[in-house]
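Here is a short tour for anyone opening this structure for the first time. Have the sequence and the 3D view ready, and follow along.

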Amino acid sequence: MKRRLPLRSIAVVLVTFAVPALAQDAGEATPDKVAHAFPTKPAYSPYVDREFPTRPLFGDTHLHTAASFDAGAFGARLTPRDAYRFARGEQVMASSGQPAKLSRPLDFLVVADHSDNMGFFPDLFAGKTELLADPTGRRWYDMIHGGKGNEAAIEIIVAFSQGKLPKALIYSPGTRPYHSAWQETIAAAEAYNEPGRFTAFIGYEWTSNTGGNNLHRNVIFRDNADKASQVEPYTTMKPLGSDNPRDLWKWMADYEQKTGGDVLAIAHNGNLSNGRMFPIIESFTGKRVDKPYVEQRAHWERLYEVTQTKGTGEAHPSLSPTDEFANFEIWDKGNLDGSVAKKPEMLEFEYARSGFKNGLLLERQLGTNPYKFGLVGSTDAHTGLAAIEEENFFGKTTPQEPSPERLTATFVNNAGTGVKIMDWEVGASGYAAVWAKDNTRTSLWDAMERRETYATTGTRVVVRFFGGFDFVAADAQSRNPAVVGYGKGVPMGGDLRTAPAGKAPTFLVAALRDPVGANLDRYQVVKGWLTKDGQLHEKVYDVVWSGDRKPDPGTGKLPSVGSTVDVANATWTNTIGAPELIAVWTDPDFDASAPAFYYGRVLEIPTPRWTAYDQKRFGVQPLPGTRMTLEERAYTSPIWYTP
Amino acid sequence: MRRLLKEPLLHFAVLGIGLFVLYRAVSGGAGAAPDEIVVDSARVDTLATQFARTRQRVPTEQELQGLVESYVRDEVLYREGLALGLDRDDPVVRNRMRLRVELLADTASPEVSERAVHAWFDEHRDRYAAPALFDFRQAFFSPASHGERLDADIGEALRTLGAAAHVDAAALGDASLLPPSLRGVTTADVAAQFGDEFAAALGAAPTGRWFGPVRSAYGLHLVRVDAREEGEAVTLAAVRDAVERDLRDARARAASDALYARLRARYSIRIEKPARGLEDAAALAAQVP
């Protein structure tokens, strides 16, 4: 037995062909390229290592610590080092003074603190003289230490959102305190990065938030300290920074040029962008997006964070009225700070599914699909704790760490616009699942770049999704769908081009429940397509489900799986649903001339929401209307068909 | 005069003088002699140096006199403030003090010595050891599909596997997405896919023969460990960074906890029940917008 990195675990049954190392180039995964990476001609030795990922690696690409100015103001005291220790499975003391530990370690973590004012908060908290000399700084300092950290946090965030932060309080690149905050971020990642065991990425969040409209992106480095420390993060405040994503892309290009390194950006919370996340008309110019925009966006933004604590953004019930599962953890009252209420016409440019659809249209017009992104989930927790299991939820901010109050407290309340969001609406979501071979920065980053990822709302369900033109029903009998999946098709995030005459795309779909989680209800495929007349369409197909349920002959809808949840006791049983689902599905409505995308959506049976656990453990009555159960789910990156 | 009596500042002053008198009485009165301020030559030097650092020149005689006078004024008011107990109810001062005391613990933890690194490594060797790697096969038996025949079916499969060398074991069990075999995996990898119980059983399993049933998160399994490679003996040199990192972390936390424990032990602490009860307080807090 040859010793390898522990995660290079290789399935050996069904060794009918050998597969050499997966190509490291992170370009489009077309059938040609996959065939090259996984040749079907058998090697002489049947025991040659097969080198595809055998289990998904779970992590969080978006976690804040006390180094983020708002997190610190909310009371977070944990540092990036604490955050990495916690993600690795160690027990830490949460900022609220209670011990915290994950049920299982994560495989990787990106500490993504806000680049604007990075390191400002720890200095304000410690009472650095320069900051206290400013009257506003002094007032915030007094509020924080006078037990009004919450109010201070909201003031700081609003001042930042509205560009009204006093000059003396701005920590910007090029200054000594900023430099040391960034170097400490890098040093923490370096200290806890252990290839093969746990990956600690270097990263930051670029927080474009003009007018409270969320255009945030997390920037993740493939590289180590030697390259990342040659630069300082890009910020949004002028003159050094900019709130326009085009300027961030330029910064990314400059970084790669200067260091020979690699970075990618993951946007999030389109639901709080008020119509600006997936634009057809750019908010910065009021003009239609042009060729440079679509090309650069497609190049730099290959993933989107579709689910997190501030809501899930796959689909919206009013955009997808026939999708009975679209109404999931929706936040659609306004923008990030509640300063502008939502209007219905904004929604189309905020949700992933409508983004995928408009991407097809823009590709027809401009030659490039700007919204060809894969999906991940992450926490966006501002606590240093990537703890978003329903029964182990440490909230989005420090005041939302477990307490009897959080079931009834208010999170955002903008009297001017009437936008009010309660703490119970915060979701315990999500994680990023990455099909990487090895648990290393480069292997994980490359899998992200080729979009071989899926989003979960916190569960660690295992999801496979392969597309090709040659899958047949017998392939679903395989005990190892990866072998036939990589052999005959492309994985999630890949491309199908030019359908052979008379053939429709076929998909090998498979899901295995979280070893400590709930059974599965169903595996669906969501399809979107663009017809010749310029019309966009979408449809959700139930592909494989638990039990012997039959779709209603009239509506075509599959009956509900039911529920075993006992809300009062916050329990459920795996007596319904299935531990695994596998099938081959052929698109029944295929039009070879219509560009399309397909992605998988896997639903678990209903389980108690974090609110149910809180009600049980704290003995507190929830407010009327509080959601107490949920169907945890996974969304795969799409596979695109391009004629 | 009436108006003057209503003046809050006057109330404050009277209260202050009262407190001051009380403080002097409680703290031992004249015998404590707290009313001498000595500005020693070291202090004067420091004041002059601070001046020089900001102004880039030495202070004149007059300026130095001003600095000293200002220092004395600081000291007088500071002492009076302390005497009045103004520090006690000021959250800013309290937090600043707390931070400074906690910093004492940090600076009290020195650089880690070579000996300490070795001792830590010896004590926590397991944590840094390369984990054992397994090659194994498994056949899955779903309780749902076997029902009452489950034990009998597993027993029969185990006999079949024991009797013949070349049997497709997985085919004896139920179809499953769980990998029928894995090579070169750690127990942590196995736990991520099969659950903790199965991974623990694998760690204790014999090599080279089928055994079971072993319970996983999904059902029962027959398992055969084909090979087990113990992690190579780990050397300090190979994992030194991680050892030093963890030692420093542990030292810093231990120092801070120990300092607090030591300081807390000096106090006898009595905690009284809140007069109104916690629920009343929570209800009151909830009314505040």
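## A pair in a sheet

Let's begin in strand 23 of chain A, where A:Trp585 is the bridge partner of A:Phe507. Keep in mind that this is a predicted model. That pair belongs to a longer run of pairing: strand 20 (residues 506-512) and strand 23 of chain A are antiparallel and joined by 7 bridges. Zoom out and you find an open sheet of 4 strands in chain A, ordered 18-17-20-23, with antiparallel pairing. Strand 18 (490-491) and strand 23 (580-586) of chain A each have a single partner strand, so they stand at the edges with one side lacking a neighbour in the sheet.

A:Phe507 has plenty of company from elsewhere in the sequence. Setting aside neighbours within four places, its contacts include A:Phe465, A:Phe466, A:Phe471, A:Val525 and A:Tyr598. It's also one of the residues that touch the most other members of the largest nonpolar core, a group of 185 residues; the others are A:Leu109, A:Ala386 and A:Ala511. Helix 8 (residues 176-192) of chain A supplies the largest share of this core, 7 residues. There's a second, separate core too, with 5 residues, among them A:Ala518, A:Val565, A:Trp572 and A:Ile605.

## Two domains in chain A

Chain A splits into domain 1 (31-37 + 461-642) and domain 2 (57-434). Their C-alpha centres are 28 Å apart. Where they meet, 29 residues of domain 1 of chain A are in contact with 26 residues of domain 2 of chain A. On the domain 1 side, helix 15 of chain A gives the most, with 6 residues. Here is how that side breaks down by class:

| Class, on the side of domain 1 of chain A that touches domain 2 of chain A | Number |
|---|---|
| Nonpolar | 18 residues |
| Polar | 8 residues |
| Charged | 3 residues |

Over in a hairpin of chain A, strand 13 (residues 410-414) and strand 14 (residues 419-422) run antiparallel, joined by 4 bridges. One of the pairings is A:Thr410 with A:Met422. The hairpin has 4 residues between its strands, and A:Gly418 takes a positive phi near 75°.

## Out past a strand

Now look for A:Pro643, in the segment after strand 28 (639-642) of chain A. Is A:Pro643 buried or exposed? A:Pro643 is exposed, having 12 other C-beta atoms within 10 Å. Apart from neighbours within four places in sequence, A:Pro643 is in contact with A:Thr498, A:Ala592, A:Ser593 and A:Pro595. From A:Pro643 to A:Arg302 is 341 residues along the chain, with 21 Å between their C-alpha atoms.

## Chain B

Chain B has 14 helices and 4 strands. Of its 289 residues, 18% count as buried. Among contacts in chain B between residues at least 6 apart in sequence, 63% join residues at least 24 apart.

Helix 3 (residues 41-55) of chain B makes a handy check. With 15 residues at 1.5 Å a residue, helix 3 of chain B should span 21 Å, and its end C-alpha atoms are 21 Å apart, so the two agree. Why does helix 3 of chain B lie largely in the open? Because the number buried among its 15 residues is 0. Right after helix 3 of chain B comes B:Gln56, with a positive phi near 65°.

Conventions
Residues numbered from 1 in each chain as written. Chains lettered and ligands numbered in written order. Predicted model: local features only at pLDDT ≥ 70, side-chain atom pairs only at ≥ 80, totals over all residues. Pairing = 2+ DSSP bridges. Helix = DSSP H or I, 4+ residues; strand = E, 2+ residues; numbered from the N terminus. Domains from an automatic or database assignment. Contact = placed C-beta atoms within 7 Å. Nonpolar A, V, L, I, M, F, W, Y, C, P; charged D, E, K, R; others polar. Expected span 1.5 Å × (residues − 1). Buried ≥ 20, exposed ≤ 12 C-beta atoms within 10 Å, placed from the backbone. Core = buried A, V, L, I, M, F, W, Y, C linked by C-beta atoms within 7 Å.
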